[in-house]
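Let's take a stroll through a protein and see how its charged side chains pair up and what surrounds its ligand. Have a look at the sequence and the structure before reading on.

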Amino acid sequence: MNHRQILPGKTIGVLGSGQLGRMFAIAARRLGYRVHVLSPDDDTPTGQVADVEIRASYDELDAVARFARAVDVVTFEFENVPLETVQAVESHAPVRPGGRVLHTTQNRLREKTFLREAGFPVTPFHTVRSENDLNSALQSLESAGVIKTAAWGYDGKGQRRVDSGDSASEIWSAMNEVDLVLEKFVDFDCELSVVVARGIDGICACYPPIQNIHRDHILDVSLSPAGLSPRVASEATEIARHVVESLEVVGVLCVEFFLTCGGELLINELAPRPHNSGHLTIDAHVTCQFEQQVRAVCGLPLGSVQQLQPAAMVNLLGDLWRSGEPNWSEACSSPSIKLHLYGKHEPRPGRKMGHLTALSESVQSAEASAKAAREALVNDGLKDHARPVSAAPTAG
Ligand code: AMP
């Protein structure tokens, strides 16, 4: 036995308690591990399926240390866990992926600077730390741009579209943050992601690229296979493999790309964990992204990423509850639909409550079935394609 291996029967600690932790915990328990979760809430999506749920804020370092002493390895389900929390854990149990990956990916400026310096293709950007920086960055924009907060941004939160002629002082005071990134607005042909796992032995396993369609900045639909040219598919996979190797990740990492209208791949962002676009791997692949994460952090060999069937995943946001409990029975009436709900009690607009995956003989028919099943959930006759776009998203 490899002494770095943590075998089934041992206990995995998870920092963070949302749906990613839940699906990780389900995979871990299926493999025979025990799961402890720590987060500031209780009755959480992860806590509901874990062996032990600890309610403590991330800066209660005594509670964090007690949590860490009771487990054999710790992972996190979202990258905004404070670094001090990770350091408090590291004195008692290994954290995988390690603090360096977390530190780099917690902040868009650090992440983009790392990628650019390492020679990866990233969306052109400017660092903005003052109104003056913003003024000159706006002036150097050829056309539209997107301004984003460097920290705490996800699902389009903390970002807005801007134009070269806009007023720097208005944007600076509206953003109300000291660290910002101004990116060129990318006129993309499509968005795609590559989920890649890297084991403790450095061996990598890359899922095929997944095509992603966003709505109101939130992932709406993921499709696999992505329907890319073989050149783009292999280039995206190679880039993802190099990123996971450069960051020496032990675990799962997702690389999100824009494919420009000129056929160029640009990295939009990294997620050092399983990703929403990889949820379809649960039903469509031999080994899902969550099991892969369990295997990687426990030092087991990675599983096969072979795809069993074309698949489409649609997110189920809180908006679907607008006229009461969705019609689950109707959505399940198609036998190839797999329903995943996250156990969240409050269905707020924009909040990710669950997802549906459809499997079919082609990705096109999988997409049609997944969308039809989602439409069938709503009872009020105001079907999804007819509804107005939702207001600004609320916390995931
Ligand atoms: P992010 O939180 O940075 O992943 O952004 C959420 C979504 O907003 C992306 O998936 C894109 O659909 C869109 N977006 C973000 N940045 C840009 C950009 N520079 N150009 C075009 N669209 C963008």
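Which residue forms a salt bridge with R374?

## A buried pair

The partner of R374 is D220, and the closest N and O atoms of this salt bridge are 2.8 Å apart. Keep in mind as you look that this is a predicted model. The two residues come from distant parts of the chain: R374 belongs to helix α12 (residues 363–377), while D220 is in strand β12 (residues 218–224), 154 residues apart.

Are these two buried or exposed? R374 has a relative accessible area of 6%, so it counts as buried. D220 comes in at 13%, so it is buried as well. The cut-off behind both calls is under 20% relative accessible area.

## More salt bridges

Searching the whole structure turns up 16 salt bridges. One of them joins R30 to E291, with 3.2 Å between the closest N and O atoms. Here too, distant parts of the chain are linked: R30 sits in helix α1 (residues 19–30) and E291 in helix α10 (residues 289–297), 261 residues apart. R30 has 56% relative accessibility, so it counts as exposed. E291 has 11%, so it counts as buried.

Another salt bridge connects D51 and R34, whose closest N and O atoms are 3.6 Å apart. D51 lies in the loop between β2 (34–39) and β3 (52–55), whereas R34 is in strand β2, 17 residues away along the chain. At 27% relative accessibility, D51 is partly exposed, and R34, at 39%, is partly exposed too. This pair has company: R29, R34 and D51 are linked in a network of salt bridges.

## An arginine without a salt bridge

Now for R96, which you'll find in the loop between α3 (83–90) and α4 (99–105). R96 is buried, yet it has no salt bridge. How far away is the nearest side chain of opposite charge? That side chain belongs to E90, and it is 9.4 Å away. A salt bridge needs the nitrogen and the carboxyl oxygen within 4 Å of each other, so a gap of 9.4 Å does not qualify. The side chain of R96 does have a contact with the backbone, though: it reaches the backbone oxygen of V297 at 2.7 Å.

## Around the ligand

How many residues surround the ligand? There are 17, and the closest are K148, E183, V186, E191 and E269. Sorted by class, this shell has five nonpolar, six polar and six charged residues.

Let's zoom in on a few polar atoms. In the side chain of Q159, an N or O atom is 3.2 Å from an oxygen atom of the ligand. The side chain of E183 has an N or O atom 2.8 Å from a ligand nitrogen. E269 places a polar side-chain atom 2.8 Å from an oxygen atom of the ligand. On its own, the ligand has 470 Å² of accessible area, and the protein covers 94% of that. The elements giving two or more residues to the shell are β6 (144–149), β8 (180–184), β9 (188–198) and β14 (265–271).

## One last stop: S169

S169 is part of helix α7 (residues 168–175). Its relative accessible area is 38%, so it counts as partly exposed. What is its distance in space from E131, C-alpha to C-alpha? S169 and E131 are 6.3 Å apart, although 38 residues separate them in sequence.

Technical notes: Residues are numbered from 1 along each chain as its sequence is written. This is a predicted model: local features need pLDDT of at least 70, side-chain atom pairs count only at pLDDT 80 or more; totals for chains, interfaces and linings use all residues. Side-chain values use heavy atoms; hydrogens and water are left out. A residue is near a molecule or strand if one of its heavy atoms lies within 4 Å of it. A polar contact is a pair of N or O atoms within 3.5 Å; within protein, one must be able to donate a hydrogen and the other to accept it, and residues adjacent in sequence count only if both atoms are side-chain atoms. Accessible areas come from the Shrake-Rupley method with a 1.4 Å probe; for residues, only the protein chains shown count as cover. Helices (H or I, at least four residues) and strands (E, at least two) are DSSP runs, numbered from the N terminus. Ala, Val, Leu, Ile, Met, Phe, Trp, Tyr, Cys and Pro count as nonpolar, Asp, Glu, Lys and Arg as charged, and the others, Gly among them, as polar. Buried means under 20% relative accessible area, exposed over 50%, partly exposed in between (1.4 Å probe, protein chains only). Lys and Arg count as positive and Asp and Glu as negative; His and the chain ends are not counted.
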